[in-house]
Each structure stands twice: as C-alpha cells, then as structure tokens.
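Dear colleague,

I am handing over the structure we spoke about, and below it you will find an account of what turned up when I went through it. Please read the account with the structure open beside you.

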Amino acid sequence: MLVFEYPERSQWPELLRRPVFDNTALETSVGNILADVRQNGDAAVRKYAQQFDKVQLEALAVTPAEFVQAAASLDPALKKAILQAKQNIEVFHKAQHETGKVIETMPGVQCWRKPVAIEKVGLYIPGGSAPLFSTILMLGIPAVIAGCKEIILCTPSNAKGEVHPAVLYAAEQVGLDRVYKIGGVQAIAAMAYGTESVPRVHKIFGPGNQYVTCAKQLINKDGVAIDMPAGPSEVAVLADETCVPAFVAADLLSQAEHGADSQVLLVTTTPSIIKGVQEQVAAQLAALPRKDIAAKALENSRIILVRDNEEAMDLLNAYAPEHLIVACQDDITIADAVINAGSVFLGNYSPESAGDYASGTNHTLPTNGYATAYSGVSLDSFVKKITYQRLTKEGLQNIGSTIEIMAAAEGLDAHRNAVTLRLK
C-alpha cells in the first residue's frame with residue numbers, strides 16, 4: 001500500500017480514485033445474451049449454462065430432495081452459525097417496520113403513507129470462488145418480512161448440476177423454496193423477462209461480477225428495478241494511536257480478498273501506527289489462501305496521513321466508502337461527522353466481518369462512491385410507499401381556492417375545473 005503524507009485537498013480526487021472498469025465494452029455481448037434468453041427462454045438458459053458453467057442442466061429448479069440432502073450434508077457448526085445470523089438479521093430488520101400514520105394537514109384533509117410489499121422479487125446469489133450463502137440471509141430475510149408474495153432465487157450450480165449445500169440450507173431456513181440453478185447474465189435475463197420455468201419479477205437484488213453488473217444495468221433500462229448500482233467491494237479505516245495494528249490489517253485484508261478490483265484505504269492522524277499496520281498486513285497476507293487476489297487489490301489501495309480528525313472525516317466523506325471502520329478513542333463522537341458511508345463500524349472490536357455475516361445489519365451496500373446518495377438494502381428496499389389522501393366536503397372547501405388559483409396560474413384549466421365543479 002502506497003503511503004501519502006498530508007496531501008493537499010487538490011490531490012484528494014486522484015488519491016481517492018477507484019479502480020476503473022468500463023462496462024461499455026461488455027454491453028454488446030451481455031446485451032446479446034439478454035436478448036437470446038428473452039426470445040428463447042429455457043433453451044437459451046441451458047445453452048449458456050453449458051457454455052459458461054460447463055453444466056448440462058435438465059431441470060432448472062432445485063428439487064425438494066436436494067434441499068433435504070443439503071441439510072443432511074452440512075456441518076452442524078455451520079448450521080448453528082447460519083441460524084444465529086438469521087436470528088440477528090431478523091431482529092434488526094423487523095424493527096424497521098413502519099405503520100401508516102394519518103396526518104390531518106388542515107381540517108377535513110387527511111393524508112397518510114402505507115408501505116406495500118413489492119409482489120415479485122428475484123435474488124441473485126453468485127457462485128464462483130466463494131458461495132455467498134450469507135447474501136441469502138441479507139436479501140431473503142427482509143423480502144420475507146416485507147411480505148413479498150413471490151420470491152425466487154437464482155444461483156449457479158457446479159459442473160455436476162449441484163448447488164452448494166450451504167446455499168440451499170440458508171434458503172430453506174429463510175423460507176425460500178423456489179431456487180433455480182442459473183448463474184451469470186442468463187440468470188438476470190430469466191428473472192427480468194421470464195422463461196417457461198422462471199417467473200418474471202419486478203425487482204432484482206444481489207451482487208455479481210462485471211457481467212452480472214452490466215446485465216442489471218441493461219435490464220434496468222428496460223424498466224426492471226434493481227437494488228442499486230454495483231461495484232467492487234471496499235473498506236476505509238480511520239485509525240489513531242488507540243487502534244490495534246493487527247486488527248486494522250485484518251480488516252483491510254478482509255476486503256482485499258474479495259477481488260483484485262477491490263480497494264482498501266487506511267486514513268490516520270498518527271504516523272507511528274503506519275509501520276505496524278504495514279508489517280501486520282504483510283504477515284497476515286502471507287498466510288491467506290486468497291493471498292494472490294488480496295495482493296492485487298492492495299496495489300489499488302492507499303495509506304493516507306492527515307493532520308486531524310476533521311480533515312480525516314472530510315476526506316472520508318469525499319470517498320463515501322461502502323464500509324467505514326472507526327478505530328479511534330473518540331469513535332462515537334467521530335461517528336457524528338459521517339455523512340457518506342454504506343455501513344459504519346465503531347471501535348476496535350467491531351470488525352467489518354460482523355456486518356458481513358451476523359451482527360444484524362445488511363451487507364448489501366452502495367459501492368464506488370454511490371454512498372453519497374444511496375442507502376444499503378433494508379426492509380424499505382422490498383416495499384413501495386403509497387400515499388393516500390381523503391378530503392371531506394369541508395376539507396375541499398377549505399383548500400379549494402388554493403388549488404384553483406395554483407392550477408390557473410399554471411394554465412391547467414381542467415385541474416382547476418375538477419375542484420370548481422365540486423365546490424359548486
């Protein structure tokens with residue numbers, strides 16, 4: 001990790017620049033797959049499963065027997081861990097329920113807002129180098145709590161047509177029984193447009209590689225909602241002399257191992273901790289099974305020394321990290337200055353991994369600077385907020401002239417007449 005000492009603010013944009021991947025180069029090939037699946041349905045899905053995943057799929061849906069076999073084959077300790085994480089995530093997301101409160105804005109004029117679940121949602125769970133069964137908990141639990149009527153899940157199988165047992169166990173525990181052995185762009189296409197086997201959904205959630213990201217962006221142009229713009233995973237750590245360098249290094253590496261295009265950032269006001277963190281990064285990196293991936297990510301990463309916490313928070317808010325760890329003595333006070341971040345972890349004993357798996361917060365978060373305007377996935381992501389109003393005759397008499405004057409001023413006479421006729 002390159003070290004930058006007391007950079008001028010004019011240098012920040014370049015220092016905080018993320019690894020760039022231009023999806024436009026993929027749009028033609030991804031667009032062709034989307035169009036093929038839209039036109040040819042299951043046949044196209046099977047063709048691309050054979051081409052990309054090297055698997056010849058007969059039935060696309062996971063059978064009840066496969067769920068039973070997955071549960072029987074899974075390590076009991078992992079089952080217990082999944083259930084504990086599930087409980088915490090449920091507690092946190094159930095607390096996000098809102099009830100519609102009627103507001104009388106003036107006598108006879110009542111307004112309220114009611115959360116209504118999105119009827120049909122699709123969840124995408126990547127396979128690849130790591131089965132992200134934790135993401136099933138993060139997406140499936142709020143979907144179930146919200147009351148979505150139709151929840152489907154797509155995830156790639158291995159070359160034998162098998163889905164990782166932890167994925168199936170997590171899905172079953174959440175209450176998801178419509179799981180399809182489809183990965184990549186073809187999975188996004190199947191959920192967006194529907195096939196003979198896979199129903200069309202209204203909104204698609206879940207992470208993926210650059211091809212999946214591109215596919216989600218393209219189907220969004222067709223009117224299918226997506227959770228948020230996606231990008232490589234990232235973490236920023238703010239640390240002072242009270243941090244534990246080994247802990248900081250572990251947090252940096254926990255994100256670096258996600259992928260070569262991930263980025264980690266250490267910001268500190270304390271020059272003396274830099275060497276200790278660097279030494280710990282080197283030592284811990286050497287022992288990681290995914291050390292080559294993490295090492296590549298570290299090439300895109302930075303250590304930045306700043307003058308004080310105020311400057312540190314200005315820089316971090318400009319970066320808008322997916323994850324922000326505050327390993328400082330005054331972590332609670334510093335947290336009040338956070339404006340742009342996906343999720344914040346306070347103190348030396350709050351590793352980012354806690355939020356990734358089991359604390360209860362959601363790990364599906366805005367990356368690539370989108371935390372300036374986007375929130376992470378929550379119960380709200382699975383509902384629409386529908387507004388209602390009810391006016392009595394007295395209410396319309398009270399507000400009628402206001403509406404008539406404003407409608408006339410905008411030249412919209414039919415709007416005005418809709419009130420005038422009622423008042424007469």
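**What was found**

Asn317 is buried, because its relative accessible area is 10% and the cut-off for that label is under 20%. Please keep in mind throughout that this is a predicted model, and that the values given here are computed from it. Asn317 belongs to helix α13, which runs over residues 309-319. When its neighbours within four places in sequence are left aside, the residues in contact with Asn317 are Ala337, Val338, Ile339 and Asn340.

The next group of residues comes from a database record. An unreviewed UniProt entry carries the annotation "binding site", and this covers Tyr124, Gln186 and Asn209. Although these residues span 86 residues in sequence, no two of their C-alpha atoms are more than 13.0 Å apart, so they gather at one spot.

Two of these annotated positions can be described further, beginning with Gln186, which sits in helix α8 (residues 184-193). Gln186 counts as buried, because its relative accessibility is 3%. Apart from its neighbours within four places in sequence, Gln186 is in contact with Ile33, Val37, Val45, Tyr48, Ala49, Phe52 and Asp53.

Asn209, by comparison, is placed in the loop that links β7 (203-205) to α9 (210-221). With a relative accessible area of 41%, Asn209 is partly exposed, since that label applies between 20% and 50%. The side chain of Asn209 also reaches the backbone nitrogen of Val212, at 3.0 Å.

As for the protein chain as a whole, there are 17 helices and 14 strands, and the C-alpha trace spans about 80 × 60 × 45 Å along its principal axes. Of the 424 residues in the chain, 46% are buried. If one takes the contacts between residues at least 6 apart in sequence, 75% of them join residues at least 24 apart.

Turning to the surface and the charges, the protein chain exposes about 20,500 Å², of which carbon and sulfur atoms supply 52%. The chain has 36 positive and 46 negative side chains, and the centres of these two sets lie 9 Å apart.

With kind regards

Definitions and conventions:
Residues numbered from 1 in each chain as written. Predicted model: local features only at pLDDT ≥ 70, side-chain atom pairs only at ≥ 80, totals over all residues. Heavy atoms only, no water. Helix = DSSP H or I, 4+ residues; strand = E, 2+ residues; numbered from the N terminus. Buried < 20%, exposed > 50% of the residue type's maximum accessible area, 1.4 Å probe, protein only. Contact = heavy atoms within 4.5 Å. Areas by Shrake-Rupley, 256 points an atom, 1.4 Å probe, with all protein chains shown as cover. Lys, Arg positive; Asp, Glu negative; His and termini not counted. Charge placed at Lys NZ, Arg CZ, Asp CG, Glu CD. UniProt positions renumbered as here; feature names shortened; annotations may be inferred. Polar contact = N/O pair within 3.5 Å; in protein donor to acceptor, adjacent residues only side chain to side chain.
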